[in-house]
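Student: I've got a structure open and I'd like to talk it through with you. Can we go at it question by question?

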Amino acid sequence: MSHLTRAARLAVRPSASSSRSFSTSLASLKPPTSATTTDPETGKTKRILTFSKKSGLSNFKTYLPVTPSLRQLRQPISEHLHKGGPYRDLTEAKRSSGGRNNQGRITTRARGGGHKRRIRLIDFTRRETGEQEVLRIEYDPGRSAHIALLKHQQSGAMSYILAPTTLRQGDLVQSFRSGVPETFHLKSTLPESTPSSSEYDTLADPSSPQSVLPPLPGSSSPSSDPENLLTPPSPASLAPQIDLAALRQAALKTGNCLPLRLIPVGTLIHAISLTPVGPAVLARSAGSSARIISASSPSGKHAQVRMSSGEVRYVGLDCVASVGVVSNQDHQHRNLGKAGRMRWLGFRPQSRGVAMNARDHPHGGGRGKSKSNVHPVSFSNVGAKGQRTRSPKSKNGNKMVVKERPRGTEKKGRRG
C-alpha cells in the first residue's frame, strides 16, 4: 500500500466508529463478564464483583477478575456461618513450630509463617448429658469442617462440636454416652409382660432401632404362681423400662452422640471413637462419614463399619459416634487462586525432588530431568505412590481391619 496516496489509504482503513461497532458485535457473542446494579438510595450504578456459580449440587462463589488473584478463586457458599469471631473462652493461641521438633531440627519441610490463629477447643468426648442448643455455626481456620457452638440448657455450659451438614442454629442435640436419661424411662416400674429370651435377642440386636432394653430377667422375674406374688420383687425386676419409641425418635437425630449398639445398621455416622472412654478419632474431616454395615462379629462385641475410603473395620459396640455427615463437603473443590493464600495457611514453597542434588533427595542428581529408573519415594526414602508399608495378614498387622481400602485397579472400578 506504499504506492497508494494518503486519501486512498484513509479510504481503505476502517473508521473508528465501524471498529467500535465491530468489537461490540463480537463482545455480544461472549458471556457477560460483569454486571451492574443500581443503588435505590443514591441512584448510583455499581459493578457486581461476586457471582454464584452452580456445579452439580454445589454452589460456589466466584469473583470478577479485576486482579489476577481473583481469576481462579472459587469458594464454597456458606451463608449460614457466623460472621463474627469465636467464643473466646473456648480458644487458645496457636504457637507455630515451623516444622521443627524439640531439638530444633526440621522434621516437616515447607512449613512456616502463616496468619496468626487461635485453636478452637473441640469436645470430642461429649460426656455431658442433657439437651444442648446450637447457638451458631462457625468457620474453624484449624480444620476443614465447620464447628457448632453449643449451650447446655440446664447448666449453661458452652462447648464446640463438629457440625454435621444439616445442623443449623436453634437445633437441639444430645449425648447418650453417659447413659439414657430418666426422661426416657416409663412411669411403670413393673412391665406388663416380660420378653422371652428369643424376643430379647431380637430386640437387643444393634441392627434394630429398638435395641435398648433392661437386663434380661432371670429366675427373679414375677410369675403366675400365687406364692411368688407374695414375695417382694427383686431389684432386677424393678429395673426401669425404657420407652423405645421415644428414645428412637430423639436419639437418631443429626448431631446426637450415642453408642454404636443404639445405632441401626445403615446409618451414616462420623466422629467415631475406638475405645469406650476415648475421644473421637475417625471420620472428622470435611464431608467424611462412615456407615454401619453389620452388627455382628466373631466376638460379639464389635460392629462392622465401612469408612469413606472403602475400608471395613471392627469398632466396639460400646464405642460412640455422632449421627450425620461432617459439614463443608465442598471443601475439596475450592480453589485458592494464588500462592499467597497457601502462605497464609502456613505452607512454604516446595521444590521438586528431581530438581535437587543427589545428597538432598533420593530423586536428585543425574543429567537433565532424570527419574533414575526408580520408583517415586519421599524425602525419607519411603514409597510415595501406593507402596504397601504393612500387611494385614502379618502378625503386626491391624487385626481390626476386615477389608482393606481398594487400591489401584480395584479403586478405579469401585463406585461411590
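What follows is a chat about strands, turns, salt bridges and a few contacts in this predicted model.

Student: Let's start with the hairpin of β1 and β2. Which residue in the turn has a positive phi?

Tutor: β1 covers residues 35-38 and β2 covers residues 45-48, and four bridges join these antiparallel strands. Within that pairing, Thr 36 sits across from Arg 47. Six residues lie between the two strands, and the one in the turn with a positive phi, about 80 degrees, is Gly 43.

Student: And the hairpin of β3 and β4: how many residues are between the strands?

Tutor: Here six bridges hold β3 (residues 50-55) and β4 (residues 58-63) together, again antiparallel. Ser 55 faces Ser 58 of β4. Gly 56 has a positive phi near 70 degrees in this hairpin, and the count of residues between the strands is two.

Student: β4 has another neighbour, β5. What is the bridge partner of Lys 61 there?

Tutor: β4 runs antiparallel to β5 (residues 74-76), with three bridges between them. Look along β5 for the residue bridged to Lys 61, and you land on Gln 75.

Student: Gln 75 also turns up in a contact with Asn 335. How far apart in space are the two, C-alpha to C-alpha?

Tutor: Asn 335 is in the loop between β19 and α6. It counts as partly exposed because its relative accessible area is 32%, which falls between the 20% and 50% cut-offs. Along the sequence Asn 335 and Gln 75 are 260 residues apart, yet their C-alpha atoms are separated by 6.6 Å.

Student: On to odd backbones. What is the phi of Arg 126?

Tutor: Most residues other than glycine have a negative phi, so a positive value is worth a look. Arg 126 is in the loop between β7 (118-120) and β8 (131-138), and it is buried because its relative accessibility is 6%. Its phi is positive, near 55 degrees.

Student: Is Ala 271, which also has a positive phi, buried or exposed?

Tutor: Ala 271 belongs to the loop between β13 (268-270) and β14 (272-273), and its phi is near 50 degrees. Its relative accessibility is 10% and the cut-off is under 20%, so Ala 271 is buried.

Student: Now the charges. How many salt bridges does a search of the whole structure find?

Tutor: Side chains of opposite charge can pair when their charged atoms come close. One such pair is Glu 138 with Arg 136, at 2.4 Å from N to O. Searching the whole structure gives a total of three.

Student: Take Glu 138 from that pair. What is its relative accessible area?

Tutor: Glu 138 is the residue in the salt bridge with Arg 136. It's classed as buried because its relative accessible area is just 3%.

Student: Then there's the salt bridge of Asp 140 and Arg 143. Which partner is partly exposed?

Tutor: The closest N and O atoms of this pair are 2.8 Å apart. Asp 140 has 2% relative accessibility, so that side is buried. With 25%, the partly exposed partner is Arg 143.

Student: What about Asp 318 and Arg 261: how many residues apart in sequence are the parts that this pair ties together?

Tutor: Their salt bridge has an N to O distance of 2.9 Å. Asp 318 is in the loop between β18 (312-316) and β19 (320-323), while Arg 261 is in the loop between β12 (257-259) and β13, so the pair ties together parts separated in sequence by 57 residues.

Student: And how is each of those two classed, Asp 318 and Arg 261?

Tutor: Asp 318 has a relative accessible area of 44%, so it is partly exposed. For Arg 261 the value is 34%, and the class is partly exposed.

Student: Which residues form the positive surface patch?

Tutor: Lys 369 is one of them, and it's in the loop between α6 (339-344) and β20 (401-403). Lys 369 counts as exposed because its relative accessibility is 78%. The full set is Arg 352, Lys 369, Lys 371 and Lys 385.

Student: Last one: how far apart are the C-alpha atoms of Gly 386 and Gly 408?

Tutor: Gly 386 is in the loop between α6 and β20, and it is exposed because its relative accessible area is 57%. Gly 386 and Gly 408 are 22 residues apart along the chain, and the distance between their C-alpha atoms is 8.1 Å.

Conventions: Residues are numbered from 1 along each chain as its sequence is written. Side-chain values use heavy atoms; hydrogens and water are left out. Two strands pair if DSSP finds at least two bridges between them. Patches are made of residues with over 30% relative accessible area and no salt bridge: like charges are joined within 9 Å, nonpolar side chains (Val, Leu, Ile, Met, Phe, Trp, Tyr) within 5 Å. Accessible areas come from the Shrake-Rupley method with a 1.4 Å probe; for residues, only the protein chains shown count as cover. A salt bridge is a side-chain nitrogen of Lys or Arg within 4 Å of a carboxyl oxygen of Asp or Glu. Lys and Arg count as positive and Asp and Glu as negative; His and the chain ends are not counted. The place of a charge is taken as NZ of Lys, CZ of Arg, CG of Asp or CD of Glu. Buried means under 20% relative accessible area, exposed over 50%, partly exposed in between (1.4 Å probe, protein chains only).
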